[in-house]
Amino acid sequence: MSGAPRLRVGVDATALVARPTGVGNYIARLLEPMVLAHPEAEFVLFSNDAVSFPALPNVRFRSSSPKRRGPYWQNTHLRAMLAEERPNVFWAANGLLPVWRPQCMASVVTVHDLVYKFAPETLPFVSLWGRRIGQRMAVAAADKLVYVSQATADDARAAYGRAADAIIPPLADNSFKRPAASAVTAMCQRLGLPEHYLLTLGTLEPRKNIVALVDAYLNRREAGAALPLLVIAGGKGWLDSDIAARLERGEALGFVRRLGYVDLADLPALYAGCDAFLMPSLYEGFGMPLLEGQLCGAPVIHGPHASMREAAGGLGVTTLTNVAGIEDVLDALTAGTLALACRLRSDIVNDPGLSSSKLWSLISEAASSRGHRPS
């Protein structure tokens with residue numbers, strides 16, 4: 001109906017930065033097709049910094065200053081901006097809501113993981129307690145609740161006593177596909193990589209278990225195992241002094257190569273060129289690099305949590321997360337007895353239209369439950 005008020009959708013866009021990681025990629029790959037599919041709605045992207053997102057006609061940006069982070073930002077600057085803008089529905093895309101918010105505003109909350117429960121030692125103090133308290137409150141308050149994997153939904157139902165309204169896994173960018181051999185060769189030449197290498201990728205923080213991986217790898221190399229170079233890709237994280245020390249030692253020995261943050265344009269060839277992709281994380285809510293690697297033809301080795309088995313479609317090799325367990329896998333890799341396999345691209349559901357439509361349905365239902373009818 002032409003006279004109906006325009007539905008206004010607020011979004012927590014703090015993860016939409018120039019160099020996005022997992023949560024930022026998750027949001028962007030759902031949000032852009034949803035915005036394009038619904039020009040009748042207005043989307044207000046709230047952040048604590050500049051937002052990296054296309055300047056589309058039905059999108060507005062609200063950023064606060066000075067920069068604050070996490071629960072403090074959500075309960076001060078975001079709270080004030082929500083009071084001014086009064087969106088009909090707010091997508092809490094990072095799993096947290098302000099304690100005080102407009103009463104008439106509906107909410108859709110996406111929970112990415114329960115890292116504070118399964119790997120609390122990997123979080124800084126403020127993040128740990130912000131998640132431990134704030135995420136439970138957000139789940140309880142949400143009009144609609146989204147989890148990123150069935151494993152996370154199962155874990156969260158046990159922790160919070162509330163089932164998912166939908167499971168919407170992360171989407172891989174369309175560029176993740178097996179590239180031509182010439183593209184892999186060109187990438188290796190540009191980055192100075194050999195023909196054979198092992199790869200791990202992720203923000204350099206304790207949950208990724210880089211210390212145990214590097215210790216196990218260096219133990220086997222120093223014992224004479226014929227393992228290829230270990231390549232570490234990912235930006236600087238937190239609580240990372242032990243990680244930095246291990247990487248410096250590995251680089252000094254010539255066994256490890258650190259790339260830092262790798263741009264999207266180089267990732268498909270980087271995945272495709274590796275002998276195996278390793279992600280021995282202590283815990284993941286999903287494990288998006290496993291899916292990206294498989295789309296590019298890389299066999300994957302991952303930690304034991306059900307979320308990573310789900311992300312790999314049951315075709316990854318599971319490793320224990322301690323040094324001895326990773327050494328066993330590396331020994332089997334060296335001996336050629338590891339059962340490496342990779343899913344076919346056709347077996348992977350990666351449809352942004354389908355996923356964004358599912359999210360839009362939840363947003364519309366949440367808004368309607370508070371009396372806001374999408375036009």
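These exercises, each with a worked solution, explore a predicted model.

## Exercise 1. Cysteines

Task: Find how many disulfides the model has, and explain the result for Cys274 and Cys342.

Solution.
- Step 1. Recall the bond. A disulfide is a covalent bond between the sulfur atoms of two cysteines.
- Step 2. Set the cut-off. The two sulfur atoms must lie within 2.5 Å.
- Step 3. Check Cys274. The closest cysteine sulfur belongs to Cys296, 9.1 Å away, so the gap is too far for a bond.
- Step 4. Check Cys342. Its closest cysteine sulfur is also in Cys296, at 9.0 Å, and that too is too far for a bond.
- Step 5. State the count. There are zero disulfides.
- Step 6. Add the surroundings. Cys274 is buried, at 7% relative accessibility. Cys342 is partly exposed, at 25%.

## Exercise 2. Helices α7 and α12

Task: Describe how helix α7 packs against helix α12.

Solution.
- Step 1. Choose the descriptors. A helix pair is described by the angle between the axes and the distance between them.
- Step 2. Read the values. Helix α7 spans residues 210-222 and helix α12 spans residues 323-335. Their angle is about 50°, and their axes are 8 Å apart.
- Step 3. Classify the pair. The angle makes α7 oblique to α12.
- Step 4. Give the hand. The crossing of α7 and α12 is right-handed.
- Step 5. Name the residues. From α7 come Ala212, Leu213, Asp215, Ala216, Tyr217, Asn219 and Arg220. They meet Val323, Ile326, Glu327, Leu330 and Asp331 of α12.
- Step 6. Sort them by class. The contact of α7 with α12 has seven nonpolar, one polar and four charged residues.

## Exercise 3. A charged residue in α12

Task: Is Glu327 buried or exposed, and which residues does it contact beyond its sequence neighbours?

Solution.
- Step 1. Locate Glu327. This residue sits in helix α12.
- Step 2. Apply the cut-off. Buried means under 20% relative accessible area. Glu327 has 16%, so it is buried.
- Step 3. List the contacts. Setting aside neighbours within four places in sequence, Glu327 is in contact with Ala216, Asn219 and Arg220.
- Step 4. Link to Exercise 2. Ala216, Asn219 and Arg220 are among the α7 residues that meet α12.
- Step 5. Look across the model. Pro54 is 273 residues from Glu327 along the chain, and their C-alpha atoms are 45 Å apart.

## Exercise 4. Helices α1 and α13

Task: Describe the packing of α1 and α13.

Solution.
- Step 1. Read the values. Helix α1 covers residues 22-37, and helix α13 covers residues 352-369. They pack at about 75°, with axes 8 Å apart.
- Step 2. Classify the pair. The angle makes α1 roughly perpendicular to α13.
- Step 3. Name the residues. Arg29, Leu30, Pro33 and Met34 in α1 meet Pro352, Ser355, Ser356, Leu359, Trp360 and Ile363 in α13.
- Step 4. Sort them. The contact of α1 with α13 has seven nonpolar, two polar and one charged residue.

## Exercise 5. Two buried strand residues

Task: Place Trp91 and His302, and list their contacts beyond sequence neighbours.

Solution.
- Step 1. Place Trp91. It lies in strand β4 and is buried, with a relative accessible area of 1%.
- Step 2. List its contacts. Trp91 touches Gly10, Val11, Asp12, Tyr26, Ile27, Leu30, Leu31, Val108, Thr110 and Leu359.
- Step 3. Tie this to Exercise 4. Leu30 of α1 and Leu359 of α13 belong to that helix contact.
- Step 4. Check Ser107. It is 16 residues from Trp91 in sequence, with C-alpha atoms 5.9 Å apart.
- Step 5. Place His302. It lies in strand β12, residues 300-302, and is buried, also at 1%.
- Step 6. List its contacts. His302 meets Met279, Pro280, Leu290, Met308, Arg309, Ala312, Gly316, Val317, Thr318 and Thr319.

## Exercise 6. Backbone exceptions

Task: What is notable in the backbone at Pro66, Arg86 and Asn209?

Solution.
- Step 1. Recall the usual case. Most residues other than glycine have a negative phi, and most peptide bonds are trans.
- Step 2. Check Pro66. The Ser65 to Pro66 bond is cis, with omega near 0°. Pro66 is in the loop between β3 and α2.
- Step 3. Check Arg86. Its phi is positive, near 50°. Arg86 is in the loop between α2 and β4 and is partly exposed, at 44%.
- Step 4. Check Asn209. Its phi is positive, near 65°. Asn209 is in the loop between β8 and α7 and is buried, at 9%.

How values were computed:
Residues are numbered from 1 along each chain as its sequence is written. This is a predicted model: local features need pLDDT of at least 70, side-chain atom pairs count only at pLDDT 80 or more; totals for chains, interfaces and linings use all residues. Side-chain values use heavy atoms; hydrogens and water are left out. Buried means under 20% relative accessible area, exposed over 50%, partly exposed in between (1.4 Å probe, protein chains only). Axes are lines fitted to C-alpha atoms, for helices over the stretch in contact, and angles run from 0 to 180 degrees between N-to-C directions. Helices (H or I, at least four residues) and strands (E, at least two) are DSSP runs, numbered from the N terminus. Angles under 35 degrees count as roughly parallel, over 145 as roughly antiparallel, 65 to 115 as roughly perpendicular and the rest as oblique. A crossing is left-handed if the near helix is turned anticlockwise from the far one by less than a right angle, and right-handed if clockwise. Contact means heavy atoms within 4.5 Å. Ala, Val, Leu, Ile, Met, Phe, Trp, Tyr, Cys and Pro count as nonpolar, Asp, Glu, Lys and Arg as charged, and the others, Gly among them, as polar.
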